[in-house]
Amino acid sequence: MEIGERIRLAREAVVMTKSELARRVGVHPSACIQWESEGGTHPKMEHLAHVAVVLDVRFEWLATGRGEMRYDSAVREERPAYSGTQSRLTSDEQRLLELYRGLSPRKRKSLLEVVDGMATGREDNSS
């Protein structure tokens, strides 16, 4: 099974469209179409790692086809973080990150200002 087939299999297993996967990974939908096409392009390593996180599959399986597709649900600690430089993300942190990445630059800036205010105790108490 080729990498494109594994991406498609994992995406369909979680009932996600190519467009939604592209949005969550931060690429153009045509990239996902290419990844899944026979003879198409392969994702960059960074994108492949993000695809594994979004689709909740093992990176090794996605990249090489070796091992099991999914993590053992009883062993949640074995899941790696998206980036080797980050500590492991909780499900809430991962969801916030996914939602944040789907926002426009203007909305991201506004959200960061609100969160920064809350974290430093400067939130607006007028309501």
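Start on the outside of this predicted model: L111, V114, V115 and M118 form a nonpolar patch on the surface. Together these four residues have about 350 Å² of accessible area. V115, one of them, sits in helix α7, which covers residues 105-119. With a relative accessible area of 43%, V115 counts as partly exposed, because that label is for values between the 20% cut-off for buried and the 50% cut-off for exposed.

**The chain as a whole**

- How many helices and strands does the chain have? The count is seven helices and zero strands.
- If you walk along the sequence, you read the pattern α-α-α-α-α-α-α.
- The chain has 127 residues, and buried ones make up 28% of them.
- The accessible surface of the chain comes to about 8700 Å². Carbon and sulfur atoms account for 52% of that surface.
- Now take the contacts between residues at least 6 apart in sequence: 43% of them join residues at least 24 apart.

**Where α2 meets α3**

- Two packed helices are described by the angle between their axes and the distance between the axes.
- Here, the pair to look at is helix α2 (residues 18-25) and helix α3 (residues 29-36), whose axes come within 8 Å.
- At what angle do the axes of α2 and α3 cross? They cross at roughly 115°.
- The crossing of α2 past α3 is right-handed.
- On the α2 side, the residues that take part are K18, S19, L21, A22 and V25. On the α3 side, their partners are P29, C32, I33, W35 and E36.

**Salt bridges**

- There are six salt bridges in the structure, and here are a few to find on screen.
- E36 pairs with R11, with their closest N and O atoms 2.6 Å apart. E36 belongs to helix α3 and R11 to helix α1 (residues 3-13), so this pair ties together parts that are 25 residues apart in sequence.
- Are E36 and R11 buried or exposed? Both are buried.
- E36 has a relative accessible area of 14%, and it counts as buried because that is under the 20% cut-off.
- K18 also forms a salt bridge with E36, and here the closest N and O atoms are 4.0 Å apart. This pair links distant parts of the chain as well: K18 is in helix α2 and E36 in helix α3, 18 residues apart.
- K18 is partly exposed, at a relative accessible area of 30%.
- Put those pairs together and you get a network of salt bridges that links R11, K18 and E36.
- R24 and E20 have a salt bridge too, at 2.7 Å from N to O. Where do R24 and E20 lie? Both are in helix α2, four residues apart, which is about one turn of the helix.
- E20 is partly exposed, with a relative accessible area of 24%.

**Inside α4**

- Which residues of α4 are buried? They are H47, L48, H50, V51, A52, V54 and L55.
- The cover over these buried residues includes α1, α2, α3, α5 and α6 (91-101).

**Two residues with positive phi**

- V15 is not a glycine, yet its phi is positive, near 50°. You'll find V15 in the loop between α1 and α2.
- V15 is exposed, with a relative accessible area of 75%; the label fits because exposed means over 50%.
- D56 isn't a glycine either, and its phi is positive at about 60°.
- D56 follows α4, in the loop between α4 (45-55) and α5 (59-64).
- Is D56 buried or partly exposed? D56 is partly exposed, with a relative accessible area of 29%.

How values were computed: Residues are numbered from 1 along each chain as its sequence is written. This is a predicted model: local features need pLDDT of at least 70, side-chain atom pairs count only at pLDDT 80 or more; totals for chains, interfaces and linings use all residues. Side-chain values use heavy atoms; hydrogens and water are left out. Patches are made of residues with over 30% relative accessible area and no salt bridge: like charges are joined within 9 Å, nonpolar side chains (Val, Leu, Ile, Met, Phe, Trp, Tyr) within 5 Å. Accessible areas come from the Shrake-Rupley method with a 1.4 Å probe; for residues, only the protein chains shown count as cover. A salt bridge is a side-chain nitrogen of Lys or Arg within 4 Å of a carboxyl oxygen of Asp or Glu. Buried means under 20% relative accessible area, exposed over 50%, partly exposed in between (1.4 Å probe, protein chains only). Axes are lines fitted to C-alpha atoms, for helices over the stretch in contact, and angles run from 0 to 180 degrees between N-to-C directions. A crossing is left-handed if the near helix is turned anticlockwise from the far one by less than a right angle, and right-handed if clockwise. Contact means heavy atoms within 4.5 Å.
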